[in-house]
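Welcome! Let's take a walk through a protein model together, starting with its overall fold and then moving on to its rings and its pocket.

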Amino acid sequence: MKKVYIASPFFSEEEIRALSEVEKILKSRGFDVFSPREHEVRDGDVGTSEWSRATFLIDRNAIDRCDLMVMLYWGNYSDSGTAWECGYAHAKNKPVVVLHLGETSNLMVHEGSHTNITAICELENYDFDTMLQFEYSGKMF
């Protein structure tokens, strides 16, 4: 069973809705899914150095253990944590499937990914065994 790490912001209703849909699709396909939203550290006070360190270690260790990453990317705007996760996965030679949900892309994201898709529904049929590669073709910076 492939271990999939989902990198995504979850600060707005739109981001949470999209992330929930991706979590559901990947789990229904039988993947072992790690979504940081489902593993938030709730012990201690949010914003303390202890909370920060614990959260960082949980997420970084999950990336180390995953087989691949699915990144929900909202265009040239990106949550800095999500961007860091994507870069770290790339540095660890983990394939990153970028799901473009915005209208633009930063070249470091689409060029640093394994493949680029443009709709959540594409995750329902994407072949995570052959991992076909698709170039990003939208507006880029």
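## The overall fold

Reading along the sequence, you will meet the pattern β-α-β-α-β-α-β-β-α-β-β in the protein chain. That comes to four helices and seven strands. Keep in mind that this is a predicted model.

How compact is the protein chain? Its radius of gyration is 14 Å, close to the 14 Å that the globule rule gives for 141 residues, so the chain is as compact as a globular protein of that length. If you follow the C-alpha trace along its principal axes, it spans about 45 × 35 × 30 Å.

## Inside the chain

Of the 141 residues, 41% count as buried. Contacts tell us about the fold too: among those in the protein chain with a separation of 6 or more, 66% are between residues 24 or more positions apart.

## Aromatic rings that pair up

Now look for the ring-shaped side chains. The count comes to seven aromatic pairs. One of them joins Tyr5 and Phe34: the ring centres are 5.3 Å apart and the planes meet at 20°, so this pair is stacked, as planes under 30 degrees apart count as stacked. Tyr5 belongs to strand E1 (residues 3-7) and Phe34 to strand E2 (residues 32-34), so the pair ties together parts that are 29 residues apart in sequence. Are these two residues buried or exposed? Both Tyr5 and Phe34 are buried.

Tyr126 and Phe134 make a pair as well. Their ring centres lie 6.5 Å apart with planes at 65°, so this pair is edge-to-face, the term for planes over 60 degrees apart. Tyr126 is buried, with a relative accessible area of 6%, whereas Phe134 counts as partly exposed at 39% relative accessibility. You can also find both in a cluster, where ring pairs link Phe31, Tyr126, Phe128 and Phe134.

## The largest pocket

How can we find empty space in a model? Rolling a probe the size of a water molecule over the atoms shows where empty space is left. In this model, the largest pocket holds about 470 Å³ of space. Its lining is made up of 22 residues, and Phe10, Pro36, Thr55, Asp59 and Glu85 lie nearest the centre.

Which elements give two or more residues to this lining? They are helix H2 (49-65) and helix H3 (80-91). H2 gives the most, with seven residues. Sorted by character, the lining residues of the largest pocket divide into ten nonpolar, six polar and six charged.

Notes
Residues are numbered from 1 along each chain as its sequence is written. This is a predicted model: local features need pLDDT of at least 70, side-chain atom pairs count only at pLDDT 80 or more; totals for chains, interfaces and linings use all residues. Side-chain values use heavy atoms; hydrogens and water are left out. Rings of Phe, Tyr and Trp (its six-membered ring) pair if their centres lie within 6.5 Å; planes under 30 degrees apart count as stacked, over 60 as edge-to-face and the rest as tilted. Buried means under 20% relative accessible area, exposed over 50%, partly exposed in between (1.4 Å probe, protein chains only). On a 1 Å grid over the protein atoms alone, a cavity is a set of points where a 1.4 Å probe fits but cannot get out, and a pocket is an open set with protein on both sides within 12 Å along at least five of seven lines; lining residues have an atom within 4 Å of a point. Grid points are joined across faces, edges and corners, and a volume is the space filled by probe spheres set on the points. Ala, Val, Leu, Ile, Met, Phe, Trp, Tyr, Cys and Pro count as nonpolar, Asp, Glu, Lys and Arg as charged, and the others, Gly among them, as polar. The radius of gyration is taken over C-alpha atoms; the globule rule is 2.2 Å times the number of residues to the power 0.38. Contact means heavy atoms within 4.5 Å.
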